[in-house]
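Grab a pencil and work through these exercises one at a time. Each comes with a solution you can check yourself against.

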Amino acid sequence: MNYKRTFIQNSAVFITIVTYKRRNILIDNISTLRQSFQYAKTKYKFDIVAIVVLPNHIHLIIKPETITDYPKIIGQIKKYFTKTSKLTYTSNKKRESNIWQRRYWEHSIIDEKDLNRHIDYIHYNPVKHKLVMAPKDWRFSSFRKFVKEGYYGANWYNTGDKNNIMNMELE
């Protein structure tokens with residue numbers, strides 16, 4: 001299968017990264033995951049617009065300085081985490097590990113409405129997966145930063161928001 005990515009310079013990209021067989025390993029290794037992002041930032045210039053880390057997947061929106069770098073950024077994060085975590089690592093001939101799914105989902109953000117929808121999706125995700133009752137209760141997310149900046153109220157999300165978000169399939 002020939003997979004083609006879209007690169008729109010000066011845009012942001014929504015990305016979902018999933019662990020191999022959806023293993024619940026990320027929260028237990030959150031400091032290594034943070035180091036992985038810090039390491040990638042030493043190699044490439046990018047901003048993290050919004051993020052949520054769940055036990056077996058990550059949703060984030062990044063804005064790389066050079067749009068064609070985002071696959072390399074994700075590769076660096078996954079590689080660093082795999083090599084530095086204390087998890088048992090194995091690989092097969094297809095270059096797949098038992099840490100991460102080989103591919104990841106990405107979507108180029110096309111406008112402000114699209115950006116806002118994806119930010120909402122990211123912050124609602126822990127509720128969707130029944131990890132917490134409200135976005136404010138999940139520690140591993142940029143939600144509190146968005147509250148502090150006035151983007152959300154501390155008790156954000158209502159029935160209308162929830163219905164719109166639940167109709168988005170991004171995993």
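## Exercise 1: A covered helix

H3 is mostly covered, with twelve of its 17 residues buried. Keep in mind that this is a predicted model.

**Task.** List the buried residues of H3, then check whether the helix's length agrees with its residue count.

**Solution.**
- Step 1: Start with the cut-off, since a residue is buried when its relative accessible area is under 20%.
- Step 2: In H3, the residues that pass are Asp114, His118, Ile119, Asp120, Tyr121, Ile122, His123, Tyr124, Asn125, Pro126, Val127 and Lys128.
- Step 3: Now for length. H3 covers residues 112-128, and at 1.5 Å a residue its 17 residues should span 24 Å.
- Step 4: The end C-alpha atoms of H3 are 23 Å apart, which agrees.

## Exercise 2: Along H3 and past its ends

**Task.** Find what caps the N-terminal end of H3, where H3 kinks, and what follows it.

**Solution.**
- Step 1: At the N-terminal end, Asp111 acts as the cap, with a side-chain oxygen 3.2 Å from the backbone nitrogen of Lys113.
- Step 2: Move along to Ile122, where H3 has a kink of about 30°. The proline Pro126 comes shortly after that kink.
- Step 3: After H3 you meet Lys130, which has a positive phi, near 60°.

## Exercise 3: Leu115 and its contacts

**Task.** Is Leu115 buried, partly exposed or exposed, and which residues does Leu115 touch beyond four places away in sequence?

**Solution.**
- Step 1: Locate Leu115, which sits in helix H3.
- Step 2: Its relative accessibility is 23%, so Leu115 counts as partly exposed.
- Step 3: Leaving out residues up to four places away in sequence, Leu115 touches Val49, Ile61 and Ile109.
- Step 4: Look at Ala12 too: it is 103 residues from Leu115 along the chain, yet their C-alpha atoms are separated by 8.2 Å.

## Exercise 4: A lysine under cover

**Task.** Work out whether Lys78 is buried or exposed, and describe the helix around it.

**Solution.**
- Step 1: Lys78 belongs to helix H2, residues 70-84.
- Step 2: With a relative accessible area of 10%, Lys78 is buried.
- Step 3: Not counting residues up to four places away in sequence, Lys78 touches Ile17, Trp100, Gln101, Arg102, Arg103 and Tyr104.
- Step 4: Lys78 has buried company in H2, including Tyr70, Ile73, Ile77 and Phe81.
- Step 5: The buried residues of H2 pack against strands S1 (13-18), S2 (46-53), S3 (57-64) and S4 (105-108), and against helix H1 (30-43).
- Step 6: Try the length check here as well: the 15 residues of H2 should span 21 Å at 1.5 Å a residue, and the end C-alpha atoms are 21 Å apart, which agrees.

## Exercise 5: Salt bridges

**Task.** How many salt bridges does the structure hold, and how covered are the partners in each?

**Solution.**
- Step 1: The count is three.
- Step 2: Take Arg5 and Glu106, whose closest N and O atoms are 3.7 Å apart. This pair links distant parts of the chain: Arg5 is in the segment before S1 and Glu106 is in strand S4, 101 residues apart. Arg5 is partly exposed at 27% relative accessible area, whereas Glu106 is buried at 11%.
- Step 3: Next come Asp69 and Lys72, whose side chains meet at 3.4 Å, N to O. Asp69 counts as buried at 13% relative accessibility, while Lys72 is partly exposed at 43%.
- Step 4: Finish with Asp114 and Arg117, where the closest N and O atoms are 3.9 Å apart. Both lie in H3, three residues apart, about one turn of the helix. An α-helix has 3.6 residues a turn, so residues three or four places apart point the same way. Asp114 is buried at 6%, and Arg117 is partly exposed at 40%.

## Exercise 6: Stepping back

**Task.** Describe the whole protein by its pattern, its buried share and its contacts.

**Solution.**
- Step 1: Count five helices and four strands.
- Step 2: Along the sequence they follow the pattern β-α-β-β-α-β-α-α-α.
- Step 3: Of the 171 residues, 48% are buried.
- Step 4: Take the contacts between residues at least 6 apart in sequence: 70% of them join residues at least 24 apart.
- Step 5: The protein exposes about 9,900 Å², and carbon and sulfur atoms supply 49% of that.

Methods: Residues are numbered from 1 along each chain as its sequence is written. This is a predicted model: local features need pLDDT of at least 70, side-chain atom pairs count only at pLDDT 80 or more; totals for chains, interfaces and linings use all residues. Side-chain values use heavy atoms; hydrogens and water are left out. Helices (H or I, at least four residues) and strands (E, at least two) are DSSP runs, numbered from the N terminus. Buried means under 20% relative accessible area, exposed over 50%, partly exposed in between (1.4 Å probe, protein chains only). Contact means heavy atoms within 4.5 Å. Accessible areas come from the Shrake-Rupley method with a 1.4 Å probe; for residues, only the protein chains shown count as cover. The expected span of a helix is 1.5 Å times one less than its number of residues. The bend at a residue is the angle between axes fitted to the seven residues ending there and the seven starting there. A polar contact is a pair of N or O atoms within 3.5 Å; within protein, one must be able to donate a hydrogen and the other to accept it, and residues adjacent in sequence count only if both atoms are side-chain atoms. A salt bridge is a side-chain nitrogen of Lys or Arg within 4 Å of a carboxyl oxygen of Asp or Glu.
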